[in-house]
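Here's a quick tour of one model, with a look at an internal cavity, the cysteines and some salt bridges. Have the structure open as you read.

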Amino acid sequence: MSNNLKFVRKNDTNGLYEFAKNNLIITQTSSNTALAKMPCNSKTHRASFAFELKINLEKYEFIDYCDQAAEHLNFCKSSLPIEICNKPPASINETTNPAEISIIIKTTLTNEISKLKQEENSKATFAKLISEKPYHELFNRPTERKITILCAPTNSGKTYQGMQIIKEALKAKDGAVCQMLFPLRVLALQIQEDFNQEGVPCTLLTGEEKDVQDGAQITASTVEVFNESDELDTVFLDEGQLAFSESRSPGYLKAICSANCKHLIIACAPTALLQMKWYLSDILKVPFEVQFLQRLTPLTPIKQAVHYEDIQEGDLVVAFSRRRIHEIADELSGRGLKVATIYGSLSPAARRSILHDYRKRKYTCCVATDAIGMGVSAPSKRVLFDKTDKFDGTAMVPLTNEEMRQIAGRAGRFGFEEFGEAGVLMGNDPTRLNELLSIPPEELSPPDKLYVLPSKSDLIASKEIGLVCGLKLWKKSFSKNELYQVSKTAFEELLIKAEWLEKKFKQNKISHEEAVRLVFVTFQMDDKSDQLDLFKEWVNCHIKKEKVSFETVPPKANLKKIELMSSDLTLMIQLSRIFPDTFDHTELEMNEQQNLLGEHIASILAARYGKSKQESKNDES
């Protein structure tokens with residue numbers, strides 16, 4: 001050790017004491033100024049720290065640990081960002097002998113190198129785990145699984161056909177367990193209701209609600225909550241063409257690749273048949289059979305745009321925002337029509353109530369978002385498009401051909417009407433819709449990219465390297481695969497939650513497994529919503545062991561207020577499945593409260609739009 005190095009206090013320009021006291025904080029020295037400190041909390045900082053350390057050690061002839069410093073520098077150049085401890089070693093204080101400080105620094109460097117090696121090995125192991133095989137080979141599925149494609153246009157009875165196959169499976173085997181997967185909660189609700197009306201118990205499971213029926217061997221679910229570890233006999237997957245859509249592809253591909261069942265039925269639109277056959281035969285390399293269904297009632301286009309004044313009983317008007325739904329419903333109810341309203345922010349209970357009454361013809365017409373465009377059976381003679389484009393989150397974009405076909409297909413549903421018509425309202429060009437409904441649909445070519453997201457099991461495996469690092473490595477591994485691509489918006493939302501949750505994990509506030517489960521809690525995360533703040537608040541309540549209760553309905557609460565309460569309660573239900581002791585209410589009690597909120601919403605909407613002129617006059621008198 002150089003003779004000119006002496007142990008002095010904080011202003012010592014050689015930086016030894018300051019470096020040791022702050023353990024792995026970069027020290028910049030100058031001839032006459034105090035030391036500056038910079039935490040090495042990123043790859044750039046870490047590498048610059050290692051370089052500065054190596055230069056200073058060589059400058060001051062700390063020969064004993066120049067080799068470790070050089071090795072440390074090499075690691076830092078290649079390592080991903082890792083947050084490291086900034087606290088001084090407990091063994092260093094202002095009376096520590098310089099020789100002892102030298103030993104402590106050497107030991108610290110040795111430990112840091114060992115830690116880096118371990119972390120690099122963990123990263124390599126995790127990366128190897130997820131990148132050695134393409135996405136579709138990451139799942140264990142039965143080799144003898146039977147796959148049936150139901151190639152089905154709108155109103156062809158594909159859901160009915162699926163229900164019959166499920167019921168046959170129950171008859172064929174005692175104790176058989178089956179599941180039906182849908183893209184929308186309203187569809188799962190409809191199927192549960194249909195089964196229960198037939199005397200067949202059916203459980204409902206979505207991200208928002210869980211309604212377990214005694215003795216049920218069937219579960220109606222949304223695709224996103226599907227659990228690949230469940231052993232099932234028969235699985236029905238509705239709207240299979242969404243496997244090739246960026247926004248829904250992750251959940252659908254996971255279900256197709258991982259369904260642990262004896263028989264998988266995939267219902268898909270005729271336009272997607274070529275795509276589905278390509279994925280099953282060329283990518284998964286599994287056998288399958290195709291059954292073709294035909295539309296049960298004719299559907300014809302309305303050649304000219306329809307005036308708003310000509311909207312009549314039996315019409316379904318499709319709009320694309322909550323505000324526009326209410327504007328149209330207000331206008332139509334003012335003309336004496338009894339208007340059902342269905343849109344995305346309605347609570348599950350409100351949707352169930354309104355859809356039930358609409359199907360029972362308690363309303364004379366309906367105004368709905370495109371959420372009704374997938375499989376919902378309802379009594380509509382005509383479907384009328386308010387607009388032929390919609391906001392996709394960033395800009396207004398035209399509806400795709402398949403979206404237009406799906407929505408138009410709600411007209412003339414078998415069992416309600418003998419034929420259907422579809423058209424556009426004034427201000428829209430009817431040409432494209434007319435052409436789409438006048439010619440057979442063209443099959444789409446296989447896509448260049450398929451969109452995927454990590455599963456809970458993937459992230460559970462990332463415990464040793466951290467949740468955020470695991471997510472980034474998962475994304476990096478799939479960027480090398482020509483077929484699969486990470487779904488951008490959904491991945492960014494996972495990352496936002498993961499970055500906050502990892503801090504709680506590192507503070508030993510929550511476990512890694514809890515953090516992973518919390519990452520997959522779903523809620524609105526755009527600028528219009530404060531649910532991310534509420535999510536953090538309720539997780540912090542769990543950490544502080546504070547109890548949380550749901551809000552009771554205030555007197556004279558308006559529609560928007562009750563809808564927000566319902567949305568918050570949906571988030572609470574999801575969190576209660578992870579932290580049941582944090583909430584003052586059981587999930588059953590929360591579901592009962594959700595039903596109460598739904599009844600409030602449905603009654604407000606019925607009073608506002610669901611009465612004829614004569615009924616309104618009677619109420620006033």
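A quick definition to start: on a 1 Å grid over the protein atoms alone, a cavity is a set of points where a 1.4 Å probe fits but cannot get out, and its lining residues have an atom within 4 Å of a point. This is a predicted model, so local features need pLDDT of at least 70 and side-chain atom pairs count only at pLDDT 80 or more, while totals for chains, interfaces and linings use all residues. Residues are numbered from 1 along each chain as its sequence is written, and side-chain values use heavy atoms, with hydrogens and water left out.

**The second largest cavity**

The structure holds 4 cavities of 30 Å³ or more. Let's open up the second largest, which has about 50 Å³ of space; a volume here is the space filled by probe spheres set on the points, with grid points joined across faces, edges and corners. Its lining is made of Val186, Leu189, Gln190, Glu193, Arg352, Leu355, His356 and Arg359. Two elements give two or more residues each to that lining: α6 (185-197) and α10 (348-359). Helices (H or I, at least four residues) and strands (E, at least two) are DSSP runs, numbered from the N terminus. Sorted by class, the lining has 3 nonpolar, 2 polar and 3 charged residues, where Ala, Val, Leu, Ile, Met, Phe, Trp, Tyr, Cys and Pro count as nonpolar, Asp, Glu, Lys and Arg as charged, and the others, Gly among them, as polar.

**Salt bridges**

A salt bridge puts a side-chain nitrogen of Lys or Arg within 4 Å of a carboxyl oxygen of Asp or Glu. Searching the whole structure turns up 22 of them. Here are three:

| Pair | Closest N to O |
|---|---|
| Arg359 and Glu193 | 4.0 Å |
| Arg248 and Glu224 | 3.2 Å |
| Asp386 and Arg324 | 3.0 Å |

Take the pair of Arg359 and Glu193: Arg359 sits in helix α10 and Glu193 in helix α6, so the bridge ties together parts 166 residues apart in sequence. Arg359 is buried at 17% relative accessibility (buried means under 20% relative accessible area, exposed over 50%, partly exposed in between, with a 1.4 Å probe and protein chains only).

Next, the bridge between Arg248 and Glu224 links the loop between β8 (232-237) and α7 (249-258), home of Arg248, to the loop between β7 (218-222) and β8, where Glu224 sits. Arg248 counts as buried at 18%, whereas Glu224 is partly exposed at 44%.

As for Asp386 and Arg324, which also form a salt bridge, Asp386 is in the loop between β15 (382-385) and β16 (389-391), and Arg324 is in helix α9 (residues 322-334), 62 residues away. Asp386 is buried at 2%, while Arg324 is partly exposed at 21%. Salt bridges with shared partners join Arg323, Arg324, Glu327 and Asp386 into one network.

**Cysteines**

How many disulfides does the structure hold? It has 0, going by a cut-off of 2.5 Å between cysteine sulfur atoms. For Cys268, the closest cysteine sulfur is in Cys151, 5.6 Å away, so it is too far for a bond. Cys366 is 7.6 Å from its closest one, in Cys365, also too far. Cys268 is buried at 1%, and Cys366 is buried at 0%.

Cys202, in strand β5 (residues 202-205), is buried too, at 0%. Leaving aside neighbours within four places in sequence, its contacts (heavy atoms within 4.5 Å) include Phe195, Asp211, Ile218 and Ala220. Cys202 and Ala220 are 18 residues apart in sequence, with their C-alpha atoms 6.9 Å apart.

Note on methods
1 Å grid on protein atoms, 1.4 Å probe; cavity = no way out; pocket = protein on both sides within 12 Å on 5 of 7 lines; lining within 4 Å.
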